[in-house]
Amino acid sequence: MPTGYVFHPHYLWHDTGTSDGLLPPDPSAGIPPGTHVGNADTTRRIHDLIHASGLLRDLVAIEPREATMTELLRVHTSDHVQHIKQQSDQPRGGDAGDGYSPVGRGSYRIARLAAGGLTELVTRVAEGEVTNGYALTRPPGHHATADHAMGFCLFNTIAVAARHAQTTLGLPRIAIVDVDVHHGNGTQAIFYADPTVLTISLHQANCFPPDSGALRENGAGAGAGYALNVPLPAGTGHAGYLHAMHQVVLPALDRFAPDLILLAAGFDANVFDPLARQMLTADTYRQMTRLLVDAAGRLCHGRLVAAHEGGYNPWYVPHCALAFLEELAGTTTHLPDLYAAVVAGYAAEPLLPHQRTPIEVAAQLIDRIKPAT
Ligand SMILES: [Zn+2]
């Protein structure tokens, strides 16, 4: 069965405005105006490369819709939803709350279109129209908690889709694997006490948010054991991430036995990314995807659905995303990976002892997940 693909031009119209990369411009403080690092260019280039590669012909295009208020309120407070709407209704937009998360004029409906796009894709997978899929959505979602936005994220797209799958699609056990280089703190917080949703985040230790994503954050109450974190030291590359997949992600998925695997597909662990210091290549993303496709095949009828998250290098992220999507769709395109030779040295970096340690500690926590009966 084919792979679904969600995209809409409005995802590119989420306007992150004038910025000095991260900060609002402030000439008196010496902060010059420029472009926000979360602008639309990288996302546009991903879609363009997917199109130019010919891969689009092999995919089933799924038209996104806006998430309904019922769907949003399964995850977010009413106050939070109204706050984003108010910021979005201002003539020139505003900020979602932390000073780093611009809300463009009209971004409220675009964020709903992102959450609804993934939700629709999950629905089509559950109904068997497609096996798996990728929603190239924007704005991202994994930092957003129930009641506040953060780190460019307005609504938690993947959490909205997870709750929809549980409540209306008959898929009670959800695993969320987050490979964005930053901690999936919002998703973790939403499901922290919930043993029906296993969250696993691979991220750069001590990156963003500050003091978030430590090994000791392992779930609470009935959800104790169902939040797994693998905080990888800066400089971790292909060998480290593959080791984490084999030692933590795959055994945890096997033990949990989900009905659906959601992937927070951030590509900002790539070696050229400006917002982190990890060393992944397009081939790393390809190999991680292959492992997840295999896991979904043996555990949940292939149901693996990805939401786009971060990735801030406009020229390399598209190649990482294409490698990921080729693997998800089980095909290859005619486009060679011209960067493979450039990154060959990085890719050859071995697994180092200080990278191995957090992986080994996280692996010991898997026993806290009750085996599925
Ligand atoms: Zn990120």
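Ala, Val, Leu, Ile, Met, Phe, Trp, Tyr, Cys and Pro count here as nonpolar, Asp, Glu, Lys and Arg as charged, and the others, Gly among them, as polar. The model is predicted, so that local features need pLDDT of at least 70 and side-chain atom pairs count only at pLDDT 80 or more, whereas totals for chains, interfaces and linings use all residues. Residues are numbered from 1 along each chain as its sequence is written, and side-chain values use heavy atoms, with hydrogens and water left out.

**View 1. Lining of the second largest cavity.** This cavity (a set of points on a 1 Å grid over the protein atoms alone where a 1.4 Å probe fits but cannot get out, with lining residues having an atom within 4 Å of a point) has a volume of about 70 Å³, a volume being the space filled by probe spheres set on the points, which are joined across faces, edges and corners. Its lining divides into eight nonpolar, two polar and no charged residues, among them Val 179, Phe 267 and Phe 324.

**View 2. The largest cavity.** About 150 Å³ of space lies in the largest cavity, and of the 17 residues that line it, the closest to its centre are Gly 38, Arg 138, Pro 140, Glu 309 and Tyr 312. The lining of the largest cavity holds five nonpolar, ten polar and two charged residues.

**View 3. Two residues that bind the zinc ion.** Asp 180 and His 182 (ND1) are among the residues that coordinate the zinc ion through donors (N, O and S atoms within 2.8 Å of the metal, or 3.2 Å for Na, K and Ca). Asp 180 counts as buried (under 20% relative accessible area, with a 1.4 Å probe and protein chains only) because its relative accessibility is 1%, and His 182 counts as buried at 6%.

Methods: On a 1 Å grid over the protein atoms alone, a cavity is a set of points where a 1.4 Å probe fits but cannot get out, and a pocket is an open set with protein on both sides within 12 Å along at least five of seven lines; lining residues have an atom within 4 Å of a point. Buried means under 20% relative accessible area, exposed over 50%, partly exposed in between (1.4 Å probe, protein chains only).
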